[in-house]
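Visitor: I'm new to this one. Can you show it to me and take my questions as they come?

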Amino acid sequence: MYESVAAEAFSRELLAWYRRGNRDLPWRRSKNPYYIWISEIMLQQTRVDTVIPYFNRFIERFPTVRDLAEAPEEDVLKLWEGLGYYSRARNLQAAAKEIAEKHGGEIPADKAAVSGLKGVGPYTSGAILSIAFNLPEPAVDGNVMRVLSRYFCLEEDIAKPAARVGIEGLARELIPEGAAGDFNQALMELGALVCTPRSPHCLTCPVMEHCAARLSGRQEELPIKTKAKKPKPQHRLAVLIEDANGRVLARQRPEQGLLARLWELPHIEAPLEAWSNDDVAPGWLATTFALEGMNVRTTGFLGDAEHVFSHLHWFVRIWGADRVSFDRAIRDDMAGAAAGLLGEEAVRESAASYERDEQSASEAGELPAGYRWIDREDFERLAWPNLFRKILSEHFSREGDYDQTF
DNA sequence: AAGCCGGGGAC
DNA sequence: GTCCCAGGCTT
């Protein structure tokens, strides 16, 4: 058990500090559980300033749980475009449907029911229950782990899942009677504004008096957190293909995994040697797309783009291309050629062979599944990862050439 | 326990 | 460049 004087002072002073004044945020203007829920999902691993415009657009378009439950998935994804972690959008709508069916369209004030909603974990569950319903549940996020690690000089590695469980127990004990919502928000407010990751503002902190880290001069050392691994580099070749009407060939990503269901330019992974060699890359592109039965020929280098994810670092080289057709015969031929794809020579050879046969390919042809020609209106309606949104925004606005870095 | 899953702001 | 953010899901 922790020293009760320090613990009681912490809860009392922090709550008073929060109630003297706090940030005016859109989701704080009511206790509408639907607003609280949407905001908490959006705030997962996402800063307040980023979320605000997304939140306002979202509740304007989907004012209630039922509006969200009945919306086309495409619309939900478009409003989520740029926020990241797109499974949140799918889970949100799945949960909305469950709430509409099982709970009459109202967020249940029940721990088991809320915790069972898709996309709602321990943190979000506690946040909804405490903020919307003032139930005495802890809501431990990164802010709270940092603040309590410092105040109580906890030396557990907060990068480990076990640390959150322990801090949750502590946070539960600290909740003042009847003030769970304000107290939990006060903890996060302190972490965001005062007890910041670097250079904490101890001199203006409402709980500095009994803060164990400050008293021992260790506020810059805590919390202890092991470093994350660096994103793995991945080299990708993309093609920008325009048809006679100025439409661009795009495709939709699979339902699961990275950037699920978002739209993108066709692209493939390539070894660094093929990616960076302008003599090899065109053959690699032609050969790989031929495996899908798609006939493309590069016309020239357009530009480079880069995109960093949590665990991946994409280096995307964009090539212009033309002569698109689709033919199952090509795909079947190339499947055989692919068996010999073990080196650059093989790539050149099969691509050249493919070029010779290309005249016999059917010109009309359907496109492979998921592929579409998109015009400017399509571009604006569909959801894209930032990387491709920038490239296509440039393309459709026709400013300059592509010989640049996006 | 570790990996997967975005994007951006602050330093 | 680094860190990390009102985390959750899957294996």
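Guide: What follows covers a pair of helices and then the DNA strands.

Visitor: Before that, what am I looking at?
Guide: This is a predicted model, where local features need pLDDT of at least 70, side-chain atom pairs count only at pLDDT 80 or more, and totals for chains, interfaces and linings use all residues. Residues are numbered from 1 along each chain as its sequence is written, chains are lettered from A and ligands numbered from 1 in the order in which they are written, and side-chain values use heavy atoms, with hydrogens and water left out.

Visitor: OK, at what angle do helix 2 and helix 8 pack?
Guide: About 150 degrees, and the axes of helix 2 (residues 33–42) and helix 8 (residues 122–133) are 9 Å apart. Helices here are DSSP runs of H or I with at least four residues, numbered from the N terminus.

Visitor: Roughly parallel or antiparallel to each other?
Guide: Helix 2 and helix 8 are roughly antiparallel, a label for angles over 145 degrees.

Visitor: Which residues of helix 2 and helix 8 make the contact?
Guide: Helix 2 gives P33, I36, W37, E40 and I41. From helix 8 come Y123, T124, A127, I128, I131, A132 and F133. Contact means heavy atoms within 4.5 Å.

Visitor: And how do those residues divide?
Guide: Into 10 nonpolar, one polar and one charged. Ala, Val, Leu, Ile, Met, Phe, Trp, Tyr, Cys and Pro count as nonpolar, Asp, Glu, Lys and Arg as charged, and the others, Gly among them, as polar.

Visitor: Switching to DNA. How many residues surround strand C?
Guide: 25 residues surround DNA strand C, and the closest are Q45, G121, T124, D141 and R146. A residue is near a strand if one of its heavy atoms lies within 4 Å of it.

Visitor: What lies by a phosphate oxygen of strand C?
Guide: A polar side-chain atom of T124 lies 2.6 Å from one. For R146, an N or O atom in the side chain is 2.7 Å from a phosphate oxygen of DNA strand C.

Visitor: Which elements give two or more residues to that surface?
Guide: Helix 8 and helix 9 (142–151).

Visitor: And strand B, how many residues surround it?
Guide: DNA strand B is surrounded by 21 residues, with Y86, K229, L259, H307 and N386 the closest. H311 has a polar side-chain atom 2.7 Å from a phosphate oxygen of DNA strand B.

Visitor: What about a base nitrogen of strand B?
Guide: One is 3.0 Å from an N or O atom in the side chain of R47. Q45 has a backbone N or O atom 3.0 Å from a base nitrogen of DNA strand B.

Note on methods: Axes are lines fitted to C-alpha atoms, for helices over the stretch in contact, and angles run from 0 to 180 degrees between N-to-C directions. Angles under 35 degrees count as roughly parallel, over 145 as roughly antiparallel, 65 to 115 as roughly perpendicular and the rest as oblique. A polar contact is a pair of N or O atoms within 3.5 Å; within protein, one must be able to donate a hydrogen and the other to accept it, and residues adjacent in sequence count only if both atoms are side-chain atoms.
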